[in-house]
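Work through the exercises below with the sequence and the model open. Try each task before reading its solution.

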Amino acid sequence: MPTISESLHFNYDGKSSKDFGVIHINLDNGMFDEVFVATRSIVETKVRGNDTPLFHSVEEEPLEFDLPIAFTKRFTDEDIDKVVVWLFQDKYKPLYFEDKPNRVFYCMPVGEARIVHNGLREGYVVIHMRCKSSKIESPIYVTPTYDLSQNTGDYKITIENKGHVEVYPEISIEKVGNGHITIMKNGEIFEIRDLTNAEQIYVNTEKEIIVTDIVGVTRYDNVVGDYHDMVLSLGVNEFIVQGTCKIAFRYKFKYRF
């Protein structure tokens, strides 16, 4: 699997480094040295008289890494201005390297950035980037819209989580006819009851949000089951859908490196 240090070009905020005349460079001598996974720490409480602390949880710090870039030719003041406007954002923006387009860092510059040059307008810049979380994300994946208008039994939908951690999907449903929609996974049930024909439903299983397109109506009281039971576990996930509808799943994988 390619690493960050091996990638020559990158894309930040939807714009390629090629458009700015810069390349991603490696400042290490010999072996590459780069962040592998985010910094982790154990949250625990020391108990008097006990040599084993009471474990609470593991906390991870947002990912941070250096982004050294070099100009492919002698740079001008205009070149510097364009790079500064492009890279020095005040919000987290997506960054990916050309050799790993399925690994997206949501990051922005922090700390001090330095330019190293020879006085002849040739040189490189080192920028320190901080991500919004300890994980790297994939692009958004969307399943086909499964047309279950004639569904009279159990319809199986399979999704493989190819990431490193569990993630929660978003679900879009268009009801066909009045009635219930039931989704089952590993014996757990998530059901939305008493929907109406052609009603559009959006479910965010991570944030426990459900939205309908019917004005003035909420569907929280129509939900039976736990949103989090619809989690995408590592590997293959099988969902069983009961009820007539059109349904699609939307999700991102998350990686530690």
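The exercises that follow concern a predicted model.

**Exercise 1. Salt bridges**

Task: Find the salt-bridge partner of Glu60, place both residues in the chain, and classify each as buried, partly exposed or exposed.

Solution:
1. Searching the whole structure gives 14 salt bridges.
2. In one of them, Glu60 pairs with Lys135, and the closest N and O atoms are 2.7 Å apart.
3. Glu60 belongs to strand E5, while Lys135 sits in the loop between strand E9 (123–131) and strand E10 (136–137). The two residues are 75 residues apart, and the pair links distant parts of the chain.
4. Glu60 has a relative accessibility of 25%, so this residue counts as partly exposed.
5. Lys135 has a relative accessibility of 17%. The cut-off for buried is under 20%, so Lys135 counts as buried.
6. The pair is also part of a network of salt bridges that links Arg40, Glu60, Lys135 and Arg256.

**Exercise 2. Two further pairs**

Task: Which residues form salt bridges with Lys73 and with Arg114? State what is known of their exposure.

Solution:
1. Lys73 bridges to Asp79, with 3.2 Å between the closest N and O atoms.
2. The relative accessible area of Asp79 is 15%, so Asp79 is buried.
3. Arg114 meets Glu112 through their side chains, at 3.3 Å from N to O.
4. Arg114 and Glu112 are both exposed. The cut-off for that class is over 50% relative accessible area.

**Exercise 3. Strand E5 and a surface patch**

Task: Name the residues of the nonpolar surface patch that includes Val58, then describe Val58 and Glu59 in strand E5.

Solution:
1. Ile42, Phe55 and Val58 make a nonpolar surface patch of about 290 Å².
2. Val58 is in strand E5, which covers residues 54–60.
3. With a relative accessible area of 38%, Val58 is partly exposed. The patch calculation takes residues with over 30% relative accessible area, so Val58 passes that cut-off.
4. Glu59 also lies in strand E5, and its relative accessibility of 41% makes Glu59 partly exposed.
5. Between Glu59 and Ser41 there are 5.3 Å from C-alpha to C-alpha, although the two are 18 residues apart in sequence.

**Exercise 4. The largest pocket and the largest cavity**

Task: Give the volume and lining of the largest pocket, then do likewise for the largest cavity.

Solution:
1. The largest pocket holds about 330 Å³ of space.
2. Its lining consists of 14 residues, and those nearest the centre of the pocket are Tyr168, Glu170, Glu206, Lys252 and Lys254.
3. Sorted by class, the pocket lining comprises 9 charged, 4 nonpolar and 1 polar residues.
4. For cavities, the structure has 1 of 30 Å³ or more. The largest cavity contains about 40 Å³ of space.
5. The cavity lining is made up of Val104, Phe105, Tyr106, Cys131, Lys132, Ser133, Lys135, Ile136 and Glu137. Lys135 is thus a lining residue as well as the salt-bridge partner of Glu60.
6. At least two residues of this lining come from strand E8 (105–117), and at least two from E10.
7. By class, the cavity lining has 5 nonpolar, 3 charged and 1 polar residues.

**Exercise 5. Backbone angles and loops**

Task: What sign does phi have at Asn186 and at Ala198? Locate both residues, then describe Thr196.

Solution:
1. As background, most residues other than glycine have a negative phi.
2. Asn186 is not a glycine, yet its phi is positive, about 50°.
3. Asn186 lies in the loop between strand E15 (179–185) and strand E16 (188–195). Its relative accessible area is 68%, so Asn186 is exposed.
4. Ala198, likewise not a glycine, has a positive phi of about 70°.
5. Ala198 is in the loop between E16 and strand E17 (200–204), and at 42% relative accessibility Ala198 is partly exposed.
6. Thr196 is also placed in the loop between E16 and E17. Thr196 is partly exposed, at 31% relative accessible area.
7. From Thr196 to Glu174 the C-alpha separation is 9.5 Å, with the two 22 residues apart along the chain.

How values were computed. Residues are numbered from 1 along each chain as its sequence is written. This is a predicted model: local features need pLDDT of at least 70, side-chain atom pairs count only at pLDDT 80 or more; totals for chains, interfaces and linings use all residues. Side-chain values use heavy atoms; hydrogens and water are left out. Patches are made of residues with over 30% relative accessible area and no salt bridge: like charges are joined within 9 Å, nonpolar side chains (Val, Leu, Ile, Met, Phe, Trp, Tyr) within 5 Å. Accessible areas come from the Shrake-Rupley method with a 1.4 Å probe; for residues, only the protein chains shown count as cover. A salt bridge is a side-chain nitrogen of Lys or Arg within 4 Å of a carboxyl oxygen of Asp or Glu. Helices (H or I, at least four residues) and strands (E, at least two) are DSSP runs, numbered from the N terminus. Buried means under 20% relative accessible area, exposed over 50%, partly exposed in between (1.4 Å probe, protein chains only). On a 1 Å grid over the protein atoms alone, a cavity is a set of points where a 1.4 Å probe fits but cannot get out, and a pocket is an open set with protein on both sides within 12 Å along at least five of seven lines; lining residues have an atom within 4 Å of a point. Grid points are joined across faces, edges and corners, and a volume is the space filled by probe spheres set on the points. Ala, Val, Leu, Ile, Met, Phe, Trp, Tyr, Cys and Pro count as nonpolar, Asp, Glu, Lys and Arg as charged, and the others, Gly among them, as polar.
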